[in-house]
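Open the model in your viewer and keep the sequence panel beside it, so that each residue can be selected by its number. The tour moves from one selection to the next and says what to look for at each stop.

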Amino acid sequence: MWALHTPHNFQSSSASTHFRFPTRTSSRQPICSLTLNPSNPTKTDANYNQLIQSLCKQGSLKRALQVLPHEPDPTQHTYELLILSCSRLNSLSDGLDVHRHLADAGFDQDPFLATKLINMYSELDSIDNARKVFDRTHKRTIYVWNALFRALTLAGYGQEVLDLYHQMNQIGIPSDRFTYTYVLKACVASESLVSLIHKGKEIHAHILRHGYDALVHIMTTLVDMYARFGCVSYAGCVFDSMPVRNVVSWSAMIACYAKNGRPFEALELFREMILETHDSIPNSVTMVSVLQACAALAALEQGKLIHGYILRRGLDSILPVISALVTMYARCGKLELGQLVFDQMEKRDVVSWNSLISSYGIHGFGKRAIQIFKEMVSHGVSPSHVSFVSVLGACSHAGLVEEGKMLFASMVKEHGIYPSVEHYACMVDLLGRANQLDEAARIIEEMRIEPGQKVWGSLLGSCRIHCNVELAERASRRLFELEPMNAGNYVLLADIYAEANMWDEVKRVKKLLDARGLQKIQGRSWIEAKRKIYSFTSVDEPNPQMEQLHALLVRLSTEMKERGYMPQTKAVLYDLEPEEKERIVLGHSEKLAVAFGLINTSRGETIRITKNLRLCEDCHSVTKFISKFADREILVRDVNRFHHFKDGICSCGDYW
DNA sequence: ATAGGGTTAG
């Protein structure tokens, strides 16, 4: 005999031996009596299936599983609901249990249920079991294949999907429209270092050949795939070719621009979306990308307008949107506004906290960032790997070496998070900037995962700051192998040689750069004034005020020299006369932007500038001078962090 | 016969 506890969500009288279905008519008629002997099937046993199904629908999986052994003949539908319940309740052990029952009953060759099982294991992060189900299923319908493709893609096994897809084609099973979306995603979900873009283009061709090029879902996936490969123009071509677009397509294309360093285009496309479409109304997902674009541009006025739009559209209570707002304000130099948005949040998740931590980090408030990190933990929010990237980054900007080491050690010990390349890169950066280059190198040697370009890149960057030729050569050797087309690495190495006066070596590196058809990334600074964004490069570009700007800089330079300013020209990669070098650094884009700000903004207004590269030392010291004797606050965001210049002092404490 | 797809925060 067996007994069941009374489910609390059942209307039950004091007699706990009777189950009642909660029905709309509140019938009190017992459907089946569980005191019956289940091994002796009677007519009422037909209701066990119904009972199990009903329990599943109510979320009482445990009870459904207790009833299951007593149903002599569970139906496909019963198993389906059981499987779905296991995913919903996130219980792998129950899932395995259901799977066992189903196999015992001979249902495991049912392709419909195999699909469901694969989906279940996928959601329960048990990819091996999903594979097993697939392997054991003889009759593999396209649904079964697609389910496995989806599961493997989500788990990051893109290459495996593509191999299986090849097999499927060999056998002659035709793809359907769902197959294409999964295999396209598989191309970018590959953990391998080789780019699978060729594969993606091949599948793109298949899609065109099979006439699937009018389907919004597939086309949007293609846009997204090219976006993730960084092929912005390809994504744009697909987007332009779409006969029908919807919110998701627009959002994907806007995200493509926002994530690939094309924030202007992102905002432009958003404008177009609003003005030219009637059926594609921007949603919260769209707005997140738009906010990212504003953040990238440091376009505060734009960002405020977008914030207004978000409020009008009632999208201001959606977590991702709010986190993006926090970041946008902080990256536009308004840390206090970011904090305000954060304070007003009713609910916070780990991402909201991460936004705030990294915001304080890039503004150089390392201690405050650590404090917020601890506050998050004390609120019961478990840090994610990004939390550690953010907080370690904050330590790095503020030179908090000991604190960073302690946090790094706590990752595994206290939070069970194993450091990834990103975390190692943070540590190398932290130690390297603090001139503990040997220890940074030691960390790399002790890494149990492949260091990769991020880590070597951090080391090379630190070598640039502290002019360590030997280590720089080691790091760059690896980097030239890993990312031969990244001009930045060659330039860093050349910088280091130049500072060490090794001009032959500088020439050699430059030749390497030329041989690969690469160019030094041009320095660019921009400033928002009167709702427009003005962009400057060191090369003369048509700007009506250019002469005026140059004249102002020459005058300032003379004045500064009288007060002890010494031009620092080591960023110049040519072996030139000092005067010539001086002339070059005086034309740096950041100084032009500062001069423009002095002329075109009112006194008392903070000059806010953004730069695409790391601030050079000469620009840094000149801006300090200017902040003092022009009595202006100047806020500069370089590629890594903020510099807040005031009274001749920079918030970075000359440590950046 | 049934089933499933695309964009998003740090």
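Begin by selecting helix α28, where Trp503, Val506, Val509 and Leu513 are buried, a word that here means under 20% relative accessible area, while exposed means over 50% and partly exposed lies in between (1.4 Å probe, protein chains only). These four cover an arc of only 120 degrees around the axis, which puts them on the same side of α28; the arc is that of the directions from the helix axis to the C-beta atoms. Turn the view to the other side of α28, and you will find Asp504, Lys507, Lys511 and Ala515 exposed.

Before going on, note that this is a predicted model, in which local features need pLDDT of at least 70 and side-chain atom pairs count only at pLDDT 80 or more, whereas totals for chains, interfaces and linings use all residues. Residues are numbered from 1 along each chain as its sequence is written, chains are lettered from A and ligands numbered from 1 in the order in which they are written, and side-chain values use heavy atoms, with hydrogens and water left out.

Stay with α28 and select all of residues 503–515: this helix of 13 residues reaches 18 Å from its first C-alpha to its last, close to the 18 Å expected at 1.5 Å a residue, where the expected span is 1.5 Å times one less than the number of residues. Helices (H or I, at least four residues) and strands (E, at least two) are DSSP runs, numbered from the N terminus. Now add α27 (487–499) and α30 (578–586), which are among the elements that cover the buried residues of α28, contact being taken as heavy atoms within 4.5 Å. Just after α28, look for Gly517, which takes a positive phi of about 70 degrees.

Within α27, select Asp495, which counts as buried because its relative accessibility is 10%. Its side chain makes a polar contact with the side chain of Arg464 at 3.2 Å; a polar contact is a pair of N or O atoms within 3.5 Å, and within protein one must be able to donate a hydrogen and the other to accept it, while residues adjacent in sequence count only if both atoms are side-chain atoms. Leaving aside residues up to four places away in sequence, Asp495 touches Arg464, Ala571 and Leu573.

The next stop is Arg433, in helix α23 (residues 421–433). Is Arg433 buried or exposed? With a relative accessibility of 9%, Arg433 counts as buried. The side chain of Arg433 makes a polar contact with the side chain of Ser396 (3.4 Å), and a polar atom of the Arg433 side chain lies 3.1 Å from the backbone oxygen of Trp656.

In the loop between α22 (401–415) and α23, select Pro419, which is buried, with a relative accessible area of 17%. Pro419 and Ile449 are 30 residues apart along the chain, and their C-alpha atoms are separated by 9.4 Å. Not counting residues up to four places away in sequence, Pro419 touches Phe408, Met411, Val412, Tyr424 and Ile449.

Move now to α7, where ten of the 13 residues are buried, so this helix is largely enclosed by the rest of the structure. Among the elements that cover its buried residues are α5, α6 (127–136), α8 (158–171) and α9. After α7 comes Gly156, whose phi is positive, near 90 degrees.

Finally, display DNA strand B, which 37 residues surround, the closest being Tyr143, Asn146, Val216, Lys259 and Asn354; a residue is near a strand if one of its heavy atoms lies within 4 Å of it. Select Lys259, where an N or O atom of the side chain is 2.5 Å from a phosphate oxygen of DNA strand B, and then Asp349, where such a side-chain atom is 3.0 Å from a base nitrogen of that strand. Several helices give two or more residues to the surface near DNA strand B, including α5 (111–123), α7 (142–154) and α9 (177–188). Which element gives the most to this surface? The answer is α11, with seven residues.
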